[in-house]
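Reader: I have a new model open and would like to go through it with you. Could we begin with the charged pairs?

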Amino acid sequence: MEKSDKAYKTIGEVAKLLNFKSNKKGVLPTHVIRFWETQFKQIKPKVMNSNRRYYDEKCINVLKKVKFLLKDKGMTIKGVKKILNTKDSLELDEMSNNSIKAFDLKIKLNKISKIVKKLKDIK
């Protein structure tokens with residue numbers, strides 16, 4: 001059973017949503033999200049029993065913006081802070097969401113391409 005989009009997400013689920021790459025041991029780099037929490041005051045997860053973090057939709061959207069600006073646009077942390085503290089931040093919603101959707105599509109196309117190559121090799 002999958003969670004609804006409105007449900008709180010764990011830090012691991014958020015790392016998957018942001019398309020973070022697993023390390024050699026198969027562990028998602030959740031430390032990046034924890035670091036961003038220290039740098040951006042807009043990221044405020046709910047900390048519940050045994051200090052587990054739970055992210056709501058608002059936090060996840062801020063994390064998407066941060067990732068888009070830092071990773072896709074190559075901005076600095078200082079630059080991202082300036083943008084998140086202005087009204088320009090609202091305009092980024094569309095851009096960051098489209099960037100993540102495009103990245104997902106690229107991954108799916110690569111998988112399909114590999115499957116097609118395997119099928120050709122079988123024949």
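**Salt bridge, sheet and core**

Author: The count comes to 1 salt bridge, where a salt bridge is a side-chain nitrogen of Lys or Arg within 4 Å of a carboxyl oxygen of Asp or Glu. The model is predicted: local features need pLDDT of at least 70, side-chain atom pairs count only at pLDDT 80 or more, and totals for chains, interfaces and linings use all residues. Residues are numbered from 1 along each chain as its sequence is written, and side-chain values use heavy atoms, with hydrogens and water left out.

Reader: Which side chains meet in the salt bridge?

Author: The side chains of Glu37 and Arg53 do, at 2.9 Å from N to O. Glu37 lies in helix H2 and Arg53 in strand E3, so the pair, 16 residues apart, links distant parts of the chain; helices (H or I, at least four residues) and strands (E, at least two) are DSSP runs, numbered from the N terminus.

Reader: Is Glu37 buried or exposed?

Author: Glu37 counts as buried because its relative accessibility is 16%. Buried means under 20% relative accessible area, exposed over 50%, and partly exposed in between (1.4 Å probe, protein chains only). Arg53, at 25% relative accessibility, counts as partly exposed.

Reader: Turning to the sheet, what is the order of its strands?

Author: The order is E1-E3-E2, in an open sheet of 3 strands with antiparallel pairing. Strand E1 (9-10) and strand E2 (46-48) are the edge strands, each pairing on one side only. Two strands pair if DSSP finds at least two bridges between them.

Reader: How many bridges join E1 to E3, and how many join E2 to E3?

Author: There are 2 bridges between E1 and strand E3 (residues 52-55), and 3 bridges between E2 and E3. Tyr54 in E3 stands opposite Thr10 and also opposite Lys46.

Reader: Which residue takes a positive phi in the hairpin of E2 and E3?

Author: Ser50 does, with a phi near 55°; the hairpin has 3 residues between the strands.

Reader: Now the interior. How many residues has the largest nonpolar core?

Author: It has 23 residues, and those with the most contacts inside it include Ile33, Trp36, Phe40 and Leu63. A nonpolar core is a set of buried Ala, Val, Leu, Ile, Met, Phe, Trp, Tyr and Cys residues joined through side-chain atoms within 4.5 Å. Helix H1 (11-17), helix H2 (30-39), helix H3 (57-72) and helix H4 (77-84) each supply at least two residues of this core, and H3 gives the largest share, 8 residues.

Reader: What is Leu63 in contact with, leaving aside its neighbours within four places in sequence?

Author: Leu63 is in contact with Val14, Leu18, Ile33, Trp36, Ile43 and Tyr55; contact means heavy atoms within 4.5 Å.

Reader: And on the outside, which residues make a nonpolar surface patch?

Author: Leu109, Ile112 and Val116 make one of about 260 Å². Patches are made of residues with over 30% relative accessible area and no salt bridge: like charges are joined within 9 Å, nonpolar side chains (Val, Leu, Ile, Met, Phe, Trp, Tyr) within 5 Å. Accessible areas come from the Shrake-Rupley method with a 1.4 Å probe, and for residues only the protein chains shown count as cover.

Reader: Where is the place of Ile112?

Author: Ile112 is in helix H5 (residues 88-122). With a relative accessible area of 49%, Ile112 is partly exposed.
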